[in-house]
Amino acid sequence: MRTWKLGILIIAMACVCGTANAQHWHRRHHPHRTVTVVVRPEVTSHVSNRFNQKERFGMAVAYLETHKYLTINQYAKMTQLNKVSAEAELDAFAIDKRKPIQCVIRGKKKVYTKRR
């Protein structure tokens, strides 16, 4: 029984030492690597929208006539603006006290309603 335990211990030690040696060699061996960095020029694209701001404002007010609130995603789809532009434009409408749109926070979501 004692020889079996000793034999298993020797085999286990040989496996562990072989693995450690392979890892040690792998860490020290660094092949020469060439890194190529490709720099692309930053291109600004102008997106033309078929609606002007006055028309988009009219669309938002008309939507609020029949619905309780307007979300940024709904406005973006309706006006074909991206979400960032849609939110900025709705915020601009809400800041202007003369316009009938106000910003309301519902939970974690920002929505726009008709000013009372």
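At what angle do the axes of helix 3 and helix 4 cross? The legends below take you through this predicted model, one close-up at a time, and the answer comes in the third view.

**View 1. The whole chain, with its 4 helices and 3 strands.** Before zooming in, follow the chain from start to end: the pattern reads α-α-β-α-α-β-β. The chain has 116 residues, and buried residues make up 20% of them. Now think about which parts of the chain touch. Among contacts with a separation of 6 or more, 35% are between residues 24 or more positions apart. Several of the views below show partners of this long-range kind.

**View 2. Helix 4, residues 83-95, and its buried side.** This helix has 13 residues and reaches 18 Å from its first C-alpha to its last, close to the 18 Å expected at 1.5 Å a residue. Its buried residues are Ala-86, Glu-89, Leu-90, Phe-93 and Ala-94. They cover an arc of only 140° around the axis, so they sit on the same side of helix 4. A general rule helps here: an α-helix has 3.6 residues a turn, so residues three or four places apart point the same way. Val-84 and Ile-95 are exposed, and they are carried on the face turned away from the buried side of helix 4. What do the buried residues of helix 4 pack against? Their partners are helix 2 (53-66), strand 1 (70-71), helix 3 (72-79), strand 2 (101-106) and strand 3 (109-114).

**View 3. The crossing of helix 3 and helix 4.** Here is the answer to the opening question: the two axes cross at roughly 105°, and they come within 9 Å. Helix 3 is therefore roughly perpendicular to helix 4, since angles of 65 to 115 degrees count that way. On the helix 3 side of the meeting, look for Ile-72, Asn-73, Tyr-75 and Ala-76. Across from them, helix 4 contributes Lys-83, Ala-86, Glu-87, Glu-89, Leu-90 and Phe-93.

**View 4. The end of helix 3 and the loop that follows: Thr-79 and Gln-80.** Thr-79 is found in helix 3 and is buried, with a relative accessible area of 0%. Its C-alpha atom is separated by 9.6 Å from that of Gln-53, although these two residues are 26 residues apart along the chain. Gln-80 lies in the loop between helix 3 and helix 4. At 47% relative accessibility, Gln-80 counts as partly exposed. Take a look at its backbone too: phi of Gln-80 is near 65°, a positive value in a residue other than glycine. For background, most residues other than glycine have a negative phi.

**View 5. Thr-71 in strand 1.** Is Thr-71 buried or exposed? With 7% relative accessibility, Thr-71 counts as buried, because the cut-off for buried is under 20%. Leaving aside residues up to four places away in sequence, Thr-71 touches Leu-90, Lys-109 and Val-111. You have met one of these already: Leu-90 is among the buried residues of helix 4.

**View 6. Salt bridges that involve strand 3.** Side chains of opposite charge can pair when their charged atoms come close. The structure holds 5 salt bridges, and two of them are in this view. In one, Lys-114 pairs with Glu-65, the closest N and O atoms being 2.3 Å apart. Lys-114 lies in strand 3 and Glu-65 in helix 2, so this pair ties together parts that are 49 residues apart in sequence. Lys-114 is partly exposed, at 32% relative accessibility. In the other, Glu-87 pairs with Lys-110, with 2.9 Å between the closest N and O atoms. Glu-87 belongs to helix 4 and Lys-110 to strand 3, so the pair ties together parts that are 23 residues apart in sequence. Glu-87 is partly exposed at 27%, and Lys-110 is partly exposed at 24%. Asp-91 joins in as well: Glu-87, Asp-91 and Lys-110 are linked in a network of salt bridges.

**View 7. The salt bridge between Arg-98 and Asp-96.** In this pair, the closest N and O atoms are 3.2 Å apart. Is Arg-98 buried or exposed? Its relative accessibility is 76%, so Arg-98 counts as exposed.

How values were computed:
Residues numbered from 1 in each chain as written. Predicted model: local features only at pLDDT ≥ 70, side-chain atom pairs only at ≥ 80, totals over all residues. Heavy atoms only, no water. Helix = DSSP H or I, 4+ residues; strand = E, 2+ residues; numbered from the N terminus. Expected span 1.5 Å × (residues − 1). Buried < 20%, exposed > 50% of the residue type's maximum accessible area, 1.4 Å probe, protein only. Arc of directions from axis to C-beta. Contact = heavy atoms within 4.5 Å. Salt bridge = Lys/Arg side-chain N within 4 Å of Asp/Glu carboxyl O. Axes fitted to C-alpha atoms, helices over the stretch in contact; angles between N-to-C directions. Parallel < 35°, antiparallel > 145°, perpendicular 65-115°, else oblique.
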